[in-house]
Amino acid sequence: MAYNLNEKKVLVVGGSSGIGLATAELAVAQGAIVMIASRDEGRLKQAATHLSGRVSVRVVDTLNNDSVVSMFNEAGIFDHIIVSASSTKTGSVRNLTLEDAYASMDSKFWGAYRIAKAARLNANGSLTLVSGFLSQRPNPAAPLQGAINAAVEGLVRGLALEFAPVRVNAVSPGLIDTPLLSRMSSEQRRAMFDNAKEKLPVQRVGASEDIAQAILFVATNPYATGSVVTVDGGATIGSINILGQSLPIPKATS
Ligand SMILES: NC(=O)c1ccc[n+]([C@@H]2O[C@H](COP(=O)([O-])OP(=O)(O)OC[C@H]3O[C@@H](n4cnc5c(N)ncnc54)[C@H](OP(=O)(O)O)[C@@H]3O)[C@@H](O)[C@H]2O)c1
């Protein structure tokens, strides 16, 4: 049984930034041959310069099924695929426009679905999706985020049966300091982080590496399938909602 990634072919969709980039970095360090994929070629190339090892880049837009299909037609079969790509907009149901809500579901849920549908994986390989703790710990300022994450987790459980023996899992992060949050003003971010540090059992905000390690754990553990691994610093079990009543994440620009 291979618990390691040595010489394994790994695709990280969303590998140009944040959790995906940290996962790619860890996979490379473990001897994997890694392809990072996202929409922006410049961002991908810049990310690749940080990764010393066997790394290639691939432009793909998970909103576009043709783009996804042609990536797999050209790249062939992978041992492990990780999907951390998404671009969603946050807001209460009353405040978020339906267009923004549909676009968010299209990006995070349907984007992962398109990858799963087109993915070419070795029988002893794995697919790992990234959900989020709001699936279990709803926030009044982001009900849609919770629903999207719950949909991702539901998809994982069904796919684990459909794709068997290929294993399919999800990792559900809590609050993680990534470029995703750079859309907030520095004051907003500091206030949210201070609040989280004070209220989380681990007394700190998460780092991308915390999630990357969990992703590679489920990817390489041959007995893990249909699992949703929560790595949230205790946010789900905490008695206080760490994001507060009014989630200070402004609407995304893209
Ligand atoms: N950070 C947190 O606190 C947190 C908490 C819970 C869950 N999550 C989830 O974790 C995942 C990763 O988040 P992150 O914080 O690492 O975000 P991030 O730093 O913003 O990275 C998102 C990645 O997705 C890519 N991407 C976005 N839309 C895409 C598309 N249509 N096609 C292909 N690639 C696309 C981006 O690259 P391009 O712009 O180049 O396309 C980027 O590489 C997301 O699903 C997020 O919802 C994050």
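**A buried loop residue, a paired strand and a covered ligand**

Ala-142 lies in the loop between β5 and α5. In this predicted model, Ala-142 has a relative accessible area of 1%, and because buried means under 20%, this loop residue counts as buried. The C-alpha atom of Ala-142 is separated by 35 Å from that of Thr-49, and the two residues are 93 residues apart along the chain.

Helix α5, on the other side of this loop, spans residues 143-162 and includes Leu-161. Here the picture changes: Leu-161 has a relative accessible area of 71%, and since exposed means over 50%, Leu-161 is classed as exposed. Between the C-alpha atoms of Leu-161 and Arg-58 there are 29 Å, with 103 residues separating the pair along the chain.

Attention now turns to strand β5, on the other side of the loop that holds Ala-142. Strand β5 takes in residues 121-130 and is mostly covered, with seven of its 10 residues buried. One partner of β5 is strand β4 (residues 78-83), and these two strands pair in the parallel sense over five bridges. Within this pairing, Ile-82 has Thr-128 of β5 as its bridge partner. The route from β4 to β5 leads through helix α4 (residues 98-118), forming a right-handed β-α-β crossover.

Strand β5 also pairs with β6, which is made up of residues 167-173; this pairing is again parallel, and five bridges join β5 and β6. In this case Leu-127 stands opposite Val-168 of β6. As a helpful reminder when viewing such strands, side chains in a regular strand alternate between the two faces of the sheet.

The ligand site completes this account. Around the ligand are 28 residues, of which Ser-16, Ser-17, Arg-39, Arg-43 and Thr-178 come nearest. Sorted by class, this shell holds 10 nonpolar, 13 polar and five charged residues.

Several polar contacts can be followed atom by atom. In the side chain of Thr-178, an N or O atom is 2.5 Å from an oxygen atom of the ligand. For Arg-39, an N or O atom of the side chain is 2.7 Å from a ligand oxygen atom. Ile-19 takes part through its backbone, where a polar atom is 2.8 Å from an oxygen atom of the ligand. On its own, the ligand has 900 Å² of accessible area, and the protein covers 93% of it.

Notes:
Residues numbered from 1 in each chain as written. Predicted model: local features only at pLDDT ≥ 70, side-chain atom pairs only at ≥ 80, totals over all residues. Heavy atoms only, no water. Buried < 20%, exposed > 50% of the residue type's maximum accessible area, 1.4 Å probe, protein only. Helix = DSSP H or I, 4+ residues; strand = E, 2+ residues; numbered from the N terminus. Pairing = 2+ DSSP bridges. Right-handed = clockwise from strand over helix to strand, strands pointing away. Near = heavy atom within 4 Å. Polar contact = N/O pair within 3.5 Å; in protein donor to acceptor, adjacent residues only side chain to side chain. Areas by Shrake-Rupley, 256 points an atom, 1.4 Å probe, with all protein chains shown as cover. Nonpolar A, V, L, I, M, F, W, Y, C, P; charged D, E, K, R; others polar.
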